[in-house]
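Take a first look at the chain shown here. The report that follows walks through its parts one at a time.

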Amino acid sequence: ADMPVNSWLSLTAQGLVRKDAEAGYGAELSWAFAKARISDDLSVRVGRVGLPVFMISDYRNVGYANHMLRPPAEMYSQVPFNSIDGLDLTWQHGFGDTSVTSQLAYGSVKSPLSGGIHAKGKQIVALNVSAEHGPFTVRAGHARTKISVEDSSSLNTLVAGLRAAGAGYRFAQLPVLAAEIEAKDKEASFTSLGLAMDWNDIVVQ
């Protein structure tokens with residue numbers, strides 16, 4: 001749903017129902033933001049926005065926009081987050097026949113994984129730059145965050161056991177190992193490159 005408020009402000013929301021990392025179907029609010037157009041080239045969005053880490057980040061859950069039946073999990077499961085709660089700035093400008101778009105996003109998110117486990121990202125910073133020229137699109141993206149894994153009983157049991165065993169003098173190195181294994185506020189980053197061509201009857205991604 002997209003609702004223009006006036007010439008420079010609009011509201012957007014997107015709901016999604018799917019079977020994803022859970023036993024049954026669930027609903028989620030994937031987008032919910034206010035967008036303000038500061039100038040012809042610059043706009044800002046505040047709320048829940050898509051995380052710009054892939055070439056198809058903005059439409060991979062919209063089936064008719066995909067050339068594949070579904071985006072391959074081997075690629076897109078590397079980042080457990082689809083959106084963030086925060087803001088982003090988008091700058092778009094034309095240089096002759098080439099259009100350049102850059103997007104800078106900042107926020108946090110908590111996303112479900114399989115088995116009731118959740119991944120939590122905070123202080124997420126993502127930069128996405130793309131250029132379109134004729135039938136070609138080239139893009140590069142980079143994201144950094146502090147990631148934590150929550151609600152994992154097996155991981156919590158392992159970490160607690162290592163700390164308990166390390167309470168004795170002979171196993172003093174085990175609490176250090178427990179801190180390394182514990183997935184809490186770990187520095188993480190992801191970099192991606194993409195190329196697309198849509199020329200006559202040939203489409204390449």
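## A glycine in a loop

How exposed is Gly-24, by its relative accessible area? In this predicted model, Gly-24 has a relative accessible area of 35%. Gly-24 is therefore partly exposed, since that class lies between buried, under 20%, and exposed, over 50%.

Gly-24 sits in the loop that links E2 and E3. Beyond its neighbours within four places in sequence, Gly-24 contacts Arg-18 and Lys-19. Arg-18 also has a bridge partner, Gly-26 in E3. The two strands on either side of this loop are E2, residues 9-18, and E3, residues 26-37. They run antiparallel, and 10 bridges join them.

## The chain as a whole

The protein chain has 205 residues, and 29% of them are buried. Its secondary structure consists of 3 helices and 10 strands. Read from the N terminus, the order is β-β-β-β-α-β-β-β-β-α-α-β-β.

The accessible surface of the chain is about 12,700 Å². Carbon and sulfur atoms account for 59% of that surface. Contacts also reach along the sequence: of those between residues at least 6 apart, 50% join residues at least 24 apart.

## One open sheet

The 10 strands form an open sheet with antiparallel pairing. Their order in the sheet is E1-E2-E3-E4-E5-E6-E7-E8-E9-E10. Strand E1 (2-4) and strand E10 (202-204) are the edges, and each pairs on one side only. From one strand to the next, the twist averages 15 degrees. In general, strands of a sheet pair through backbone hydrogen bonds.

## From E7 to E9

How many bridges link E7 and E8? Strand E7 (residues 118-133) pairs with strand E8 (residues 136-150) over 14 bridges, in the antiparallel sense. His-133 faces Phe-136 of E8 across the pairing. The hairpin of E7 and E8 has 2 residues between the strands. In that hairpin, Gly-134 has a positive phi near 60 degrees.

E8 pairs with strand E9 (residues 186-199) as well. Here too the sense is antiparallel, with 12 bridges. One facing pair is Val-138 and Leu-195, the latter in E9.

## A buried aspartate

Is Asp-88 buried or exposed? Asp-88 lies in strand E5 (residues 83-95). Its relative accessibility is 0%, so Asp-88 counts as buried.

The side chain of Asp-88 has polar partners. Arg-45 meets it through a side-chain polar contact of 2.6 Å. The side chain of Gln-103 does so at 2.7 Å. Leaving out residues up to four places away in sequence, Asp-88 touches Ser-43, Val-44, Arg-45, Val-49, Gln-103, Leu-104 and Ala-105.

## The nonpolar core

In soluble globular proteins, nonpolar side chains tend to be buried together. The largest nonpolar core in this model has 18 residues. Those with the most contacts inside it are Leu-51, Val-53, Phe-54, Val-79, Phe-81, Ile-84 and Ile-124. E3, strand E6 (98-112) and E7 each supply at least two residues of this core. E7 gives the most, with 3 residues.

What does Val-79 touch, apart from its neighbours within four places in sequence? Its contacts are Leu-51, Val-53, Phe-54 and Phe-190.

## Two positive phi values

Most residues other than glycine have a negative phi. Asp-185 has a positive one, near 55 degrees. Asp-185 lies in the loop between helix H3 (174-181) and E9. Its relative accessibility is 32%, so Asp-185 counts as partly exposed.

Asn-200 also has a positive phi, near 55 degrees. Its place is the loop between E9 and E10. Why does Asn-200 count as exposed? Asn-200 is exposed because its relative accessible area is 62%, and the cut-off for that class is over 50%.

Note on methods. Residues numbered from 1 in each chain as written. Predicted model: local features only at pLDDT ≥ 70, side-chain atom pairs only at ≥ 80, totals over all residues. Heavy atoms only, no water. Helix = DSSP H or I, 4+ residues; strand = E, 2+ residues; numbered from the N terminus. Buried < 20%, exposed > 50% of the residue type's maximum accessible area, 1.4 Å probe, protein only. Contact = heavy atoms within 4.5 Å. Areas by Shrake-Rupley, 256 points an atom, 1.4 Å probe, with all protein chains shown as cover. Pairing = 2+ DSSP bridges. Polar contact = N/O pair within 3.5 Å; in protein donor to acceptor, adjacent residues only side chain to side chain. Axes fitted to C-alpha atoms, helices over the stretch in contact; angles between N-to-C directions. Core = buried A, V, L, I, M, F, W, Y, C linked by side-chain atoms within 4.5 Å.
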